[in-house]
Amino acid sequence: MSEKSKEFWRWREYRHTMPNMDWHDAKMVTAGVDIGSVGSKAAVMLDGELYTYAAMRTGGVSEETAVKAMNWAIEETGLKTEDIHYVVGTGYGRVNVPFAKRTITEIACHARGAHYIYGPTVRTVLDIGGQDCKAIRCDEKGKVMSFLMNDKCAAGTGRGLEVFADLIRTPIEELGKTSLSVQDEPQPVSNTCVIFAKAESVALLRQGWPKEKVSAAYHLAMVNRIIDLLTKVGIEKDFVVTGGVAKNTGIVSRLERNLKLKPLEPKLDPILAGAIGSALFAKALYEKEIGLR
Amino acid sequence: MKAYYGYKDGSGDYFIIIDTDKCNGCRKCVDACPHRVFELIKDEFDIEGGLMAAVTEEHRKKIKYSCGPCKPMSGERKLQCVLACEAKAITHSW
C-alpha cells in the first residue's frame, strides 16, 4: 500500500498456537468467542489451558466474523468445530455467535480472563475496548464484585485512539510511544467527546505543536477520563488493564503515574482476556453438562 | 455484585446501582417505575443464570432525564423503585 493511502489506524490481525500442546490428548476442548465492537477474538483451551487463539477486526456481519475468527484460530491445528465440546460467546455481538451454546457478559469474562492471565491477586480490572471502558472489581476467584461501564461516548476508548492515529499519521502500535517522548506533560485536550478531542488536537497542530506533544495531550485526556471511572468503583491492588488499549504504553504508563499504582505485567496478550474468560466459562458449563460438577 | 448502570458526564454522576446478590428477581421494581427504567434479565454473569433486575439499554444513556420526574428539586422525593424493592437492592448515586 502506498504511503499516501496507508491506514494508520489499522492494527495487525494475528493468530497463534501454543507449541508442545496437542488437542488429541485433551479431555475437554472448550472455546470462547469475544465479538467486540472493533475487534473479535477467539480462543480454544485444552482442559483449561490456552491452546490457540486469533484476533481480528469485527466486520459488518457479526455472525460471519465469529465464524472467521474461530476458523482462523483452529487453522493448521487439525481441530474441527465439531471437536470442540462447548463454545461460549461474549462481547457486544455475543448473541450473534451462531455456534455458541451459551452467552456470558464480557464483564464476567474479562474478570475471569484477567484472573487466568494475571493470577489470583487481581482485584481491579480495567477493560479498555474499542467503544467502551469498563472498571471491574473482582474477588480472588475472578468473580465480579462490582462493575461500571461507560458507554455513552467513545472518548477514552480504542476507537478514539484509532481516529487520532489517523489524524497525526502515526501507526496505532507506535502511538503510545510517541506520546511518551515529550519531556513535560501538556494540558490535556477535551475528554468528553472524540470529535471535540480531535477538533482540539487539530487546532493545536495548527498552532504549531509537534505531533508528539499533541499526542501526549490526547493520551492524558483519555487517562483522566478513565481514572474518573475507576475512582467510582474504587481501586484496590492488584490492578490490571485488559482489552486492546492495554497494549498502548502511553495510556498504561500514564495510568501508573497518575494512580501511583503499577499495573501487573501480562503473561499473555491482554486483548484475549474476554475470549479466555469465556472459554473458561465454557469449561465450567461443560463440566456441569457431563455431570462433573 | 454491584452493577452500576448509567454514566458520568460534565454535570455529574448518574448511576443506578443494583446489588445483584440482594436482588431476588421479584419484578416489583419493573412494575413500580413509572418510566419503565427496569427490566428483568437473565443473569449472564455466572453459569447458574437466574433472573435479575437491570436498567434497560434504552435508559442507560439518558438516566438523568428518565429519573428526573421522580427527583424534584424541592419537596419530597419518592423513588418508587427504591420503595418497591423489599430486598433493598436499588440505590441511586445522585
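**Exercise 1. How many helices and strands are there in chain B, and which pattern does chain B follow along the sequence?**

Solution. The model is predicted.
- Step 1: chain B contains 4 helices and 5 strands.
- Step 2: in sequence order, the elements of chain B read β-β-α-β-β-α-α-α-β.

**Exercise 2. Decide whether the radius of gyration of chain B agrees with that of a compact globule, and describe its extent and packing.**

Solution.
- Step 1: for 94 residues, a compact globule would have a radius of gyration near 12 Å.
- Step 2: chain B has 13 Å, so the value agrees with the globule rule.
- Step 3: along the principal axes, the C-alpha atoms of chain B occupy a box of roughly 45 × 25 × 20 Å.
- Step 4: 46% of the 94 residues of chain B count as buried.
- Step 5: among contacts in chain B with a separation of 6 or more, 46% join residues 24 or more positions apart.
- Step 6: the exposed area of chain B is about 4,900 Å², and 51% of it is supplied by carbon and sulfur atoms.

**Exercise 3. Work out the strand order of the open sheet in chain A, its edges, and the helix lying across it.**

Solution.
- Step 1: the open sheet has 6 strands in the order β1-β4-β3-β2-β5-β6, with mixed pairing.
- Step 2: β1 (14–17) and β6 (102–103) of chain A are the edge strands, since each pairs on one side only.
- Step 3: strands of a sheet pair through backbone hydrogen bonds, either parallel or antiparallel.
- Step 4: in chain A, β2 (residues 29–35) and β5 (residues 86–90) pair in the parallel sense over 5 bridges.
- Step 5: within chain A, D34(A) stands opposite T90(A) of β5(A).
- Step 6: helix α8 (residues 273–289) of chain A lies across β2, β3 (39–46), β4 (49–57), β5 and β6 of chain A. The helix runs at about 140° to β2(A).

**Exercise 4. Find how many disulfides the structure holds, then examine C109(A) and C26(B).**

Solution.
- Step 1: over all chains, the structure holds 0 disulfides.
- Step 2: C109(A) is in no disulfide, and the nearest cysteine sulfur, in C138(A), is 13 Å away.
- Step 3: C109(A) has a relative accessible area of 0%, so C109(A) is buried.
- Step 4: for C26(B), the closest cysteine sulfur is that of C85(B), at 6.1 Å. A disulfide requires sulfur atoms within 2.5 Å, so 6.1 Å is too far for a bond.
- Step 5: C26(B) has 37% relative accessibility and therefore counts as partly exposed.

Terms used:
Residues are numbered from 1 along each chain as its sequence is written. Chains are lettered from A and ligands numbered from 1 in the order in which they are written. This is a predicted model: local features need pLDDT of at least 70, side-chain atom pairs count only at pLDDT 80 or more; totals for chains, interfaces and linings use all residues. Side-chain values use heavy atoms; hydrogens and water are left out. Two strands pair if DSSP finds at least two bridges between them. Helices (H or I, at least four residues) and strands (E, at least two) are DSSP runs, numbered from the N terminus. Contact means heavy atoms within 4.5 Å. Axes are lines fitted to C-alpha atoms, for helices over the stretch in contact, and angles run from 0 to 180 degrees between N-to-C directions. The radius of gyration is taken over C-alpha atoms; the globule rule is 2.2 Å times the number of residues to the power 0.38. Buried means under 20% relative accessible area, exposed over 50%, partly exposed in between (1.4 Å probe, protein chains only). Accessible areas come from the Shrake-Rupley method with a 1.4 Å probe; for residues, only the protein chains shown count as cover.
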